[in-house]
Amino acid sequence: MKPAPFAYHAPETLPEAITLLQRFESDGVDAKILAGGQSLMPMLAMRVARPEVLVDLRRLRSLDYIRAEGGTLTIGAMTPKRAAEQSALVRETQPLFHAATELVGHVGVRNRGTVGGSFAHADPASEYPAVALVLDMELKAVGPAGERTIPAADFFVTYMTTSLEATEVLTEVRLPAWTRGTGWAIQEMARRQGDLALAGVAATLRLVRGACTGVRLAAFGVNATAVRLRAAEELLEGQRPEAANFARAAAAGAGNLEEPMSCVHASSEYRRQLVEVLAKRCLAEAASRAV
Amino acid sequence: MARGVLKLPEDLPVSVPRFVGKEVTRLEDPGLVTGTAEFIDNLSLAGMLHCAILRSPHPHARILRIDTSAAEAMDGVAAVLTGEDLRRWCNPAVTAPEGWGSYSMAVDKVRFVGEPVAAVAACNRYLAEDALEQIRVEYEPLPCVPDAHAATTPGASLVFEEKGSNVIQSRVYDWGEVDRMFAEADHVVSNTFRWNRVGANPTETFGCICQWDLTGNALTCHGSYQVPRFMALGRSATLRLPANRIRIIAQPMGGGFGGKGGPRGTDIAALLSRKAEGRPVKYIEDRIEYLLAGGGQSWDRHYEAALAVRADGTITGLKVKLLDDQGAGAEGYGTISAAKPLAAFTGCYRIEAARYDLTLVATNRAPTYPFRGYGPPPHYFVLESLVDMAARKLGMDPAELRRRNYIRPEQFPYVVPSGNEYDSGQYEVVLDKALALADYAKLRAEQARARAAGRLIGIGVVSTVEPGVFDWNCYATVGVPGVGVPEGVKVAVDILGNVTVAVGFNLQGQGQFTVAAQVAADYLGVDMHAVRVATAASDVALPHFGQGGSRLGVSVTGAVLGACRKLEVLFCRVVAHLMQTTPEQVELMDGRLRLKANPAVGMTLAEVAGTMLARSDLLPPDVEPCPEANYVWTAPGRTAPDEQGRCKSYLTAANATHLVMVEVDRETGQTSILGYWIVDDCGTRLNPATVDGQIEGGVAQGVGAALFEEYVYGESAQPLVTTFVDYLIPTIGEVPSSRKAVVVTPSPVSPLGAKGTGEGAIHTTPAAIMCAINDALSPLGIEVRETPASPRRLWQLLQQVA
């Protein structure tokens, strides 16, 4: 469990990092960005990942921040998850994102792991992508051509693959202003506290004149990327927040999923069941928080 | 003058024991807390090389060709080892039963995924792993034996061709009139059970540094060794060296639990050193290697079992048929785990007759090793599940059915049908204390309310016996000869009255150094900090075994008491000579050798030792100037087994009742532990905090076995669980915080009345949790008879009644 040989760079500035990535790209060198290392380091140690070069972003302190910009909350990509977890600003203005952060690994993992790292790594069992879809988050990337903003829906491509170019660095995640009164919930089934989820669901909804509206629901841990449960959303839209309606919506959402993944801990069929149960419970929890 | 066997702490020659029986601060902890304990990977020797091992990706394949030339040509690579070297220099592992061992590196064919095929010694581990990638191996895959049932199928591929069969052993033990008990029973409760592979996972995997002395033809091995002398003997057999030329130096260990393994790693590092001109070679097993092919896999069992029960609830007979998947041979001594239940086959019950139909088979899974508890955790899962099934059938409360069948206090010493003798116990007292601690009646009322609301809540009440202080005789029927397991110490007093206890083992976590110091300090009347416990290397240590089989706390106590008694006799003679009286007139009390008639007159320990070491002119003529004593303890009264395996084997019988309340989520199949209560009786508690730690750890591993841990293999014997992402050891988030109470029934046969207690909790916890889950499921008419009761498994069951 020792990595194969690799060259190592730790640029001092973002432009320097991008220049490096550009150089490696044009030379046909396989370079990989290292953020907190909580996923990449084990993959290197097991020689599952064998990049020729690591570009470590640890010196880019300018990417470590949490700011309110108008209603939008922006978090620098190199911000440790633990900082987001302990931030009153995050907790008070973005409760769903905050709750998701608490579900990531253990304290040690959250100390080292970065917010941006989880997005760029795009593990299908990660909580953040589902939350990003539910909240319509945006991801800011900087590359040789400058800066661009990518909607979450366009960011996650497939299993551990994003729409970032090889020469781009994810620099910031952006959370749109929270609509007051929005109910939210995130629940997951993991074998142990802190494990990757076998399946999970994140939800938001509002109650207007006794009916559910703006229902957003996404599942993670089941398909190649987090996935919106649109059938569930549509079924519940305009319905009363009642157990039977939640159950019907959850069943439709789970039923319409693409064939879920299978592993030693959960068959495809069981994962689908988990999505249904968790969706039902999330909707009830979200409704209980909505005002 | 010397006293006889000390039955209780009160018998020690001190006014009041200051350390034995107290929650003293452990001697081991300063080094552990400050990081100065020298674990093997902290140790570096001059010129040391690092070993990496290439392992088989196939469960069963012939090796056609190995090309190591590219690896050998790499800068920094000092030696490459393959099966050809082993064929030339070594023997296959000695096993029990004999003849089921492989070479430490595959010769001709591989028998499991992860079996070593080649190894490299290089100047660092990174380079060694790079070099492995340059080794080319051509395999010809063979049909494999994926599991125990396949092993016995006619025409099955053979794991060891020369044996002509995959059956390592098949025999039936008959104890008493089993057929009559079943014929006369009012009810027979029978079922099948499956215990999936689990095992030890110490914090530290195996590691060693081996150095071959090419001039002296000798070998020195530093390492994470659980049983040093045994390891030296085994290496002597495989490496063809006299055992007295093998020096095993046990470093402090980050846990063991029976799974340290190490024979293959040691042999490979030793042979690489031999090939690399005698430079020391370090091998640190990484976690993937450990999970794939280390010592961490145990108990892969398929059971059919039955209880004979009378209408009044009296259990009269037990039949257990076990098909046990040993994996690729018997090199790990997994076989003894199947024999261990002989020490307590019928648990804490007065069951008159029993039958054990045992078949051990070889497959292309990784070889199995001992794991804390050896065999009883699965055995008690089966027995206790049957008792609960009987209770349901009879409409009796499971606690009351157990009470009715307990061995009664006046029946001790009690000989169980499988031959072992239990020393003492008060099982009903333990049960009642547990029921009161948990407020059982209230829990049952809570359960009734929850059931009415549609919730699946269950309660398990399970009692077990923990055979403590293992003996080889228990394993005679699977080919381990011998009666008695020696454990030796030397106790030495220096000129200033400091005491050294030299033992043959090193730290593993349980705190036996502390126990040795407590006993020595209270016997000799010195402060515990005046006692140093040191590990002797295997070639100079007294006969010893080390940690294993809930034995060392009691054994080291017996050994220290024995050595102290010899010192006491010696010192009394010296003092009598100096004071011109007879030894009978002198006694040891509170650290002084004093005149019985006039206790104010006496000498301190330091004065006696000092006189012996520095004033030989004052000594009696036949007394050596040596204030030291050796004592090798072994359990008294052990006997050779008869043809049915019956003998007095494990010395002590501790007892516990665990009570657990669980809830099963009907929609997800997930089990939550709502409450956990434990009452145990392990006789005298030498260090109550250590006993508590043993219970906590055993519960954690029991929770793992019942709910989380499982080495899963695919249909073609491919291991599917090779990292901690998938092998799920419970964390602080999953292990319940238990409430505990204690009953103390001292052993009449062990030193100070202490009973072995390292394994009781893992004996009991899996059974208790499984029984609780089935109690929860019982209104639905379904039951889970396979461990672990994972959410997926329970959900599948729940689907049957959805």
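Which residue stands opposite A:Arg228 in S14(A)? Hold that thought while we set the ground rules.

This is a predicted model, where local features need pLDDT of at least 70, side-chain atom pairs count only at pLDDT 80 or more, and totals for chains, interfaces and linings use all residues. Residues are numbered from 1 along each chain as its sequence is written, with chains lettered from A and ligands numbered from 1 in the order in which they are written.

**Exercise 1. Find the partner of A:Arg228 and describe the sheet around it.**

Step 1. The residue opposite A:Arg228 in S14(A) is A:Ala218. Helices (H or I, at least four residues) and strands (E, at least two) are DSSP runs, numbered from the N terminus.

Step 2. Now look at the strands themselves: S13 (residues 211-220) of chain A pairs with S14(A) in the antiparallel sense over 2 bridges. Two strands count as paired if DSSP finds at least two bridges between them.

Step 3. Zoom out, and you get an open sheet of 4 strands in chain A, ordered S11-S12-S13-S14 with antiparallel pairing. Its edge strands are S11 (183-189) and S14 (227-228) of chain A, each pairing on one side only.

Step 4. Add the helix: H8 (residues 127-135) of chain A packs on this sheet and touches S11, S12 (199-208), S13 and S14 of chain A. Residues are in contact if their C-beta atoms, placed from the backbone, lie within 7 Å. The direction of H8(A) makes about 150° with that of S13(A). Axes are lines fitted to C-alpha atoms, for helices over the stretch in contact, and angles run from 0 to 180 degrees between N-to-C directions.

**Exercise 2. Work out how H5(A) and H8(A) lie against each other.**

Step 1. The axes of H5 (residues 95-103) of chain A and H8(A) come within 9 Å and cross at roughly 170°. That makes H5(A) roughly antiparallel to H8(A). As for the cut-offs, angles under 35 degrees count as roughly parallel, over 145 as roughly antiparallel, 65 to 115 as roughly perpendicular and the rest as oblique.

Step 2. Check who meets whom: H5(A) brings A:Leu96, A:Phe97, A:Ala100 and A:Leu103, while H8(A) brings A:Glu127, A:Tyr128, A:Val131 and A:Leu135.

Step 3. Sort them by class, and this contact has 7 nonpolar, no polar and 1 charged residues. Here Ala, Val, Leu, Ile, Met, Phe, Trp, Tyr, Cys and Pro count as nonpolar, Asp, Glu, Lys and Arg as charged, and the others, Gly among them, as polar.

**Exercise 3. Describe how domain 1 and domain 2 of chain A touch.**

Step 1. Chain A splits into domain 1 (7-56), domain 2 (61-175) and domain 3 (183-289), with bounds that come from an automatic or database domain assignment.

Step 2. The centres of domain 1 and domain 2 of chain A, taken over C-alpha atoms, are 19 Å apart. Their contact takes 12 residues from domain 1 of chain A and 20 residues from domain 2 of chain A.

Step 3. On the domain 1 side, H1 (residues 14-27) of chain A gives the most, with 6 residues. That side divides into 6 nonpolar, 5 polar and 1 charged.

**Exercise 4. Map the chain B sheet and its helices.**

Step 1. Chain B has an open sheet of 7 strands in the order S3-S5-S1-S12-S9-S10-S11, with mixed pairing. S3 (77-82) and S11 (246-250) of chain B stand at the edges with a single partner strand each, so one side of each has no neighbour in the sheet. From one strand to the next, the twist averages 20°.

Step 2. Pick a pair: S1 (residues 49-55) and S5 (residues 116-122) of chain B run antiparallel and are joined by 6 bridges. B:Ala52 stands opposite B:Val120 in S5(B).

Step 3. Place the helices. H4(B) lies across S1, S3 and S5 of chain B, at about 30° to S1(B). H7 (residues 228-239) of chain B packs on the sheet too, touching S10 (218-223) and S11 of chain B.

**Exercise 5. Take apart the chain B side of the contact with chain A.**

Step 1. Count first: 20 residues of chain B are in contact with 16 residues of chain A.

Step 2. The elements giving two or more residues to the chain B side are H4 (125-132) and H20 (791-799) of chain B. H4(B) supplies the largest share, 4 residues.

Step 3. By class, the chain B side divides into 9 nonpolar, 3 polar and 8 charged.

Key. Two residues are in contact if their C-beta atoms, placed from the backbone, lie within 7 Å.
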